[in-house]
Amino acid sequence: MAAPPPADGGSIGFYVYVGNVPKTASEDQLRRFFGECRGILAFSFRLEDCTYCPTKIAFIKFANRDDQERAYGLNQQFFQGKRVFVASVDSEANFTPKFSVMVKNLNEYITEEDIYEHFKHIGTIECVQKPANNYGYVSFDRCESTQRALILKNRNLKGVDIEIQQVRRNICILLEKPTGPQFGSIREKCEELGLRYEPESESETKLLVTNIPRQAQEADILEYFGRFGKIVDWQMQKSVISVLTNSACVTYSDAKTARRVFLGGPHFFQGVCLDVYNPRITYGELQSTTAVLLKRTNVFLTNDEIYQAMNECGRVSYIHRVDSTRFCTIVRFRFAIAVSQAMRLKQIAGENVTVVRYTEPNYLTDTAPIPEAFPKSGVRMQKEDLLRRLVEQEERLELSRLQTVPNEAYANPDGKFYRHEVQIMNYPIGTTLGQFRDYFRKHGTVINLREFIQGDCIGVAIVSFDTRLEARRACSMNQNFMNGKRLLIHMADEKLFLDPELCVGVMGLSTATTDEHIYDRFSEIGAVKFVLRETSGRAVVCMEHRRWLDAVMRVILVGKSRVQVSRLFGGPGPGNPNVPNNQFQPRQHGPPPSQGNGWMPGPQGVMPRPNMMPRGPAPRQVVPSRPNLRQVEIMQGNGRPPLLGQGPPMRPQFGNNDPPMMGSNGPPMMQGAPRMMGPN
């Protein structure tokens, strides 16, 4: 149904917001629930088809204020097993850092009522909301209840270990407003916020996202942005301007979706607000009576903390924090009176700050580093402890991640029918295209399959996905099981890096010895990164740490097979079976003729002796009937995608002929060259 007009009362009508409505509820059922309110004129449901949000909302139009007030009386009453939230469409109700907590690690089986029952003994609960299946908010009437919730010892909710965190900024309880997005067009947003409008921004499909919590799971963020439309590429990296956050580039399949995301918002996500920028748009004012500048913004400050502190001075309409050279942050208010009060701030969240009036000269003038607050605040010490734990987690993740290098020999036989390919080994031989589609359904759309068989037990499947992002997400299934087989997955245009400091060759295996036998035997010594079964008689085992290699070399029995374990000789080199031109090439693996039973990675991988070349049936290729494929034009990335592991700060590229992230003028976005902020 069409969105209702603004709720301004009078002859137009009186509107209320109804949240936490079951997806299956009908208009007639909701009308009966509000049966005492006789003057109902219209209904409007929202989020009915949204798979991200487990419930939907409704806007109800009443003929008079008395019925509207009676509707408010049904707030927190049960409707089809859920406590509905009834409020004015103009409500300023928020989940605030002082009175609210966020609950993570939820699932679709944990309801709002389950959360309510878990926390009700702590204090009076005003509202419980699940904006997504995996997290929710709980609002209390007293700040003491919030503190008790944060130290709650019972973290088990229906068999799930939940995580309780503080809300970082004001989060609007209303999931949507009845009038839709605040801005109707990019030009309107630019005029309102002092941004420089560029016509090219209308056709831009790529957006920059900042203030992503560093501990947030990439799949959760993709699920949030995927609700708006099809994502064809995504790259995320640690932020250089705020050490507790990440930044990302998200590319949609069409400009219309990108515009909707840019004009939408605020984008509330897991207790924070994600900031979304169009790379073609710059902050264009030479000076402003409604904006201030934070010079040399401390990297331990988050955008949410800046927003909360500035919002106490006056209503904040925009934060521009993208400069990785001068570390300047622009904060724009709705009213000029807030500027003078903001300039009196000396600290935000325990960190020293320098706040000046925004002008172009102030932005371009270099400032000496701001002295750190001493002694360190409790908030800062908590952040340092969190950062230390996050770095340790990322280092552990990096140890288990496959090391790959670009595969120059990769060739796609037909780019129209095979694209964005993933190479899979150690899968059940004979797995059909339909079975692969079912297995990877959560990560993307499988559009084609090529399969190459060596002998009767070793196979390589090349699976095509609709977008490169889907292919990379499928790679996250590496080391997951498929019908009892532990998969080895990586991008087809990359090949494994066989590090001689981590890898050993295992020979003498029998056909009865499975990959799991090998994995289990070497896991008794230490963490195994992968097992690469080249033939039925030999395999490569890669450990996560070199300290286990001496013990690995002493292994003589795997399953019932007496084996010989040897090091990979020579310098580091990539090794991986590549499958160009429909030919399985096992010659890329195995001991070279000159090394006997030794293994030596070379420029083309590990080469086998001629008499160890496999014999067997010719490679078979599974090619389904040619589907009607829609070409999706995307920017090809280089190497494996940056995720949450270690690496340099993200500096997104938009092509050789594209402008810097914030356009040709104005404060740069991750570039640091703000030399032209006003009109030419």
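## Close-up views of a predicted model

**View 1. Two residues face each other across strands β1 and β6.** G19 sits opposite F85, a residue of β6. This is a predicted model, and the residue pair is a handy way into it. The two strands run antiparallel to one another, joined by four bridges. If you want to find β6 in the sequence, look at residues 85–88.

**View 2. Strand β1 also pairs with β3.** Here the partner is β3, made up of residues 56–62. Once again the pairing is antiparallel, this time over six bridges. For a landmark, pick out V18, which has A58 of β3 standing across from it.

**View 3. Strand β1 and its surroundings.** How many of the eight residues of β1 are buried? Eight of the eight are, so the strand is largely enclosed by the rest of the structure. The stretch to look for is residues 14–21.

**View 4. The largest cavity, with β1 contributing to its lining.** The structure has six cavities of 30 Å³ or more, and the largest of them takes up about 150 Å³. Its lining is built from 16 residues, and those closest to the cavity centre are N20, R83, F85, V128 and Q129. Which elements give two or more residues to that lining? They are β1, α3 (112–119) and β9 (125–132).

**View 5. What the lining of the largest cavity is made of.** Strand β9 gives the most to this lining, supplying four residues. Sorted by class, the lining is a mix: seven residues are nonpolar, five are polar and four are charged. F85, met in View 1 opposite G19, turns up again here among the residues closest to the centre of the cavity.

**View 6. Two cysteines, C313 and C328.** Are these residues buried or exposed? C313 has a relative accessibility of 12%, and since anything under 20% is called buried, C313 counts as buried. C328 has a relative accessible area of 4%, so C328 is buried as well. As for disulfides, a search through the whole structure turns up zero.

**View 7. A stretch annotated as a coiled-coil region.** The label comes from an unreviewed UniProt entry, which puts a "coiled-coil region" at residues 376–403. What does the chain look like over those residues in the model? It is 82% helix and 0% strand. From one end of the stretch to the other, the C-alpha atoms lie 39 Å apart.

Methods: Residues are numbered from 1 along each chain as its sequence is written. This is a predicted model: local features need pLDDT of at least 70, side-chain atom pairs count only at pLDDT 80 or more; totals for chains, interfaces and linings use all residues. Side-chain values use heavy atoms; hydrogens and water are left out. A disulfide is a pair of cysteine sulfur atoms within 2.5 Å. Buried means under 20% relative accessible area, exposed over 50%, partly exposed in between (1.4 Å probe, protein chains only). Two strands pair if DSSP finds at least two bridges between them. UniProt positions are given in the numbering used here, feature names are shortened, and annotations may be inferred rather than shown by experiment. On a 1 Å grid over the protein atoms alone, a cavity is a set of points where a 1.4 Å probe fits but cannot get out, and a pocket is an open set with protein on both sides within 12 Å along at least five of seven lines; lining residues have an atom within 4 Å of a point. Grid points are joined across faces, edges and corners, and a volume is the space filled by probe spheres set on the points. Ala, Val, Leu, Ile, Met, Phe, Trp, Tyr, Cys and Pro count as nonpolar, Asp, Glu, Lys and Arg as charged, and the others, Gly among them, as polar.
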